[in-house]
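Please open the structure in your viewer and keep the selection panel at hand, since each stop below begins with something to select.

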Amino acid sequence: MANMQGLSIAEMWKRVSYLRMLDILNNISGKLLLACFLILLSLKSNGESPRDSLKQLLNDKNLANRSEVLLNLFVRYRTIDFDSARYYAEESLKEAKIDKDSLMVVRAEYALGYLLSNNGFFIEAIEHFNRALKTAKNNNYRRRLKSTLNSLALTHYYEGSYDKSLEYHFESLKLREEDNNQQEIAIAANNIGLVYYQMQDFDKARLYYDRALDIKQSLNASGTESTYNNLGLAYQGLGNYPKALENFEKVIEICQVGCNDDLLVVAYTGAGAAYYNLNNSKEAENLYELALILALKNNFEMRTVTIYSNWARLLLDQEELDEAREYLDESQSIADKISLRKWQSLNAKLYAELFSKLGDFEKAYSFQQQYDSISKSIINETIARNMLDIQVDYQEKENLEKIASQDQEISRRNTLLYLSVVIIILISIILFILYRINQLRRKTNRELAEAKRTIEQQNNVLEEKVRERTKELKEANAALMKSNTDLDNFIYKTSHDIRGPLATLQGMCNVALIDIQEQKSRDYFDKIGKTAFRLNEILSKLLIINQINNSLIAQNPIDLQGLSKEIVREQSFISGQNDIKVENKIGKLDNFQSDEVLLKIILGNMVSNAFKFHNSSNRVNSWVRLEAHRENGHLKLNVIDNGIGVDEKASSKIFEIFSRASEVSDTAGLGLYLVKLAVEKLHGKITHSKTDEGYTKFTVELPSN
């Protein structure tokens, strides 16, 4: 168990399950045969890394389409290991260039751009997308051309080059208009609106949002909620608050039957801001509260910053200063955490206003440092104006003294002395004010510098810990990936290698049953043949497990009605149970797309399971019923039978590997595990239940497309 430290419970269970599989192989084939396979595996791997093994594989002259193999590896690693995914994509590009396969060149360049863009390397991503675009144009790969243009536009959008983003979006829109694909046109129009909104051209943004909304409504398509939100924000930017409120309220109305919480948060916040600008503070507060509850529940940090800041603005206007400061602190804390410069700036202005109202001008000043130059100019103008007034008074009095008689000389000198004292006092006050301001600035700078040093020290400690944990995690992931890869390869190789001797053994048993007449010997050979057949069936299912784990999901139109009939015929022939009545109620389902191989594994094993566990009593007419229908955008597939059912004690474990629901069948407990594995690969779910009549019912729910 020492080697399992650091693994998740799921991974540990996977290891234990494979060990149990080895036990079965050991019991069936014998310890000597298992030992031979272990020796062959160790000689084959020889301690090589996965990339070394890959290089040997690619050096095999009989291997076709190396670039495709490498790109499939990229797909496998793109979301879990950036470095490995990039390596496989670059190697795929090299192989495609060697083979002069222009389509694979486009796919590999696009894969690199996609990976880099998703990880924030926008400049590099744009270079790869541009190369993919050039090759796609030269070879008229229209589908690749549209997807590359869209990715280029989005990457430029994230990078902040809105002009280039618009250029590629318009080119993409033109292609979609030529194809007359209304759904794609709606997406492109919405994306163009987003760019114009960021450029603060709210009127153009509104025009494209309107176009996207009209198309979605004409197609009765989903996703109108996000477009209504976008329209609300555009109208808010235009200052048309009643119209903005109308759009936000449409989203709130639609989302009463359930939709994405993020859409509701945006709608509540936008509607609250509209009510605030329409001087309805009470309704604005109610909506801010609803938005805040959802944002905190889902940890929407960016949304939370906006809600707290807007609410603080409202409270500040109502002179509820303590509560306003509390909300402003919350907003600024999250804005500092995720570096939202826009909201840091807006919050600083609110802080300045807040502390001014509280009479704490020192703090207000610290939040208004951006206005230092304006403040200084105002102070300098005041000083200059005061000095000018003093000089005018002095010159006036000096002229009067020149005209006055000698009797006024003493009075004039007293006046001059008085004026001098006043000037000195004024200058002293001004200098003192400047000195105090300078002292406060220095004190603030020292505190900021000390705080910065403390933060840097804490950041250094934290970064060191993060580096250590990252290193440990990478090492653990690398070890786990190698272990899983070796284990998958071992299972695949072992299963293949054992099936050859099994086929020979079955053949020899069949020959022996033909040649040998002695009944006892025939019984022995018959049992050996059945055992070999059972082992071959187990190995076939183990190979299917490997196939499911390593397959890429395809999306093709499926004739579910025809597929179900074919599976029923096959299972009736294999099981020999022609007396079991099958009620196939699966009708024709239009526009249903899925992976046919995985769907066949799911339906085949469920039907096989129903046949195996039928009620063999002569008093019962056994039957199996198949049903399928669409529900809430999903396909629901039911298999119902009146067989012996599932023991209540075993019902919670029937989908686990090597779990057997009944002792009646001689299977290894792999059928329902294969179904669960294939269903999860298609992002679906499977459940077991009983009908009102007490019949056994298995339900599979899959995405409709």
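**A tour by selection**

Start by selecting Glu109, which is buried with a relative accessible area of 2%, where buried means under 20% relative accessible area, exposed over 50% and partly exposed in between (1.4 Å probe, protein chains only). This is a predicted model, in which local features need pLDDT of at least 70 and side-chain atom pairs count only at pLDDT 80 or more, while totals for chains, interfaces and linings use all residues. Residues are numbered from 1 along each chain as its sequence is written, and side-chain values use heavy atoms, with hydrogens and water left out.

Now add Arg131 to the selection: its side chain and that of Glu109 meet in a salt bridge of 3.1 Å, N to O, the term standing for a side-chain nitrogen of Lys or Arg within 4 Å of a carboxyl oxygen of Asp or Glu. The pair links distant parts of the chain, with Arg131 in helix α7 (residues 122-139) and Glu109 in helix α6 (residues 102-118), 22 residues apart; helices here are DSSP runs (H or I, at least four residues), numbered from the N terminus. Arg131, in contrast to its buried partner, is partly exposed at 40%.

Next select Glu91 and Lys94, whose side chains meet in a salt bridge (3.4 Å, N to O). Being three residues apart in helix α5 (residues 82-99), they are separated by about one helical turn; Glu91 is buried at 18% relative accessible area, whereas Lys94 is partly exposed at 49%. To see salt bridges joined in a network, select Arg142, Lys146, Arg176, Glu178, Asp179 and Glu184. The count for the model comes to 31 salt bridges.

Move on to the loop between α9 (162-179) and α10 (182-198), where Asn180 is found. Asn180 has a positive phi of about 55° although it is not a glycine, and at 53% relative accessibility it counts as exposed. A further stop is Asn299, in the loop between α15 (281-298) and α16 (301-317); its phi is near 60°, again a positive value in a residue other than glycine, and Asn299 is exposed, with a relative accessible area of 56%.

For the disulfide, select Cys255 and Cys259, whose sulfur atoms are 1.8 Å apart, the criterion being a pair of cysteine sulfur atoms within 2.5 Å. A search of the whole structure finds one such link, and with 110° about the S-S bond it is right-handed. Cys255 is buried at 7% relative accessible area, while Cys259 counts as partly exposed at 22%.

Finish at helix α25 (residues 671-681), which is mostly covered, eight of its eleven residues being buried; among them are Tyr673, Leu677 and Val679. Which residue of this helix forms a salt bridge with Glu680? The partner is Lys676, with the closest N and O atoms 2.7 Å apart, and both residues lie in α25, four residues apart, about one turn of the helix. Lys676 counts as partly exposed at 29% relative accessibility, and so does Glu680 at 42%. Just after α25, His683 takes a positive phi of about 65°.

Terms used
Helix = DSSP H or I, 4+ residues; strand = E, 2+ residues; numbered from the N terminus.
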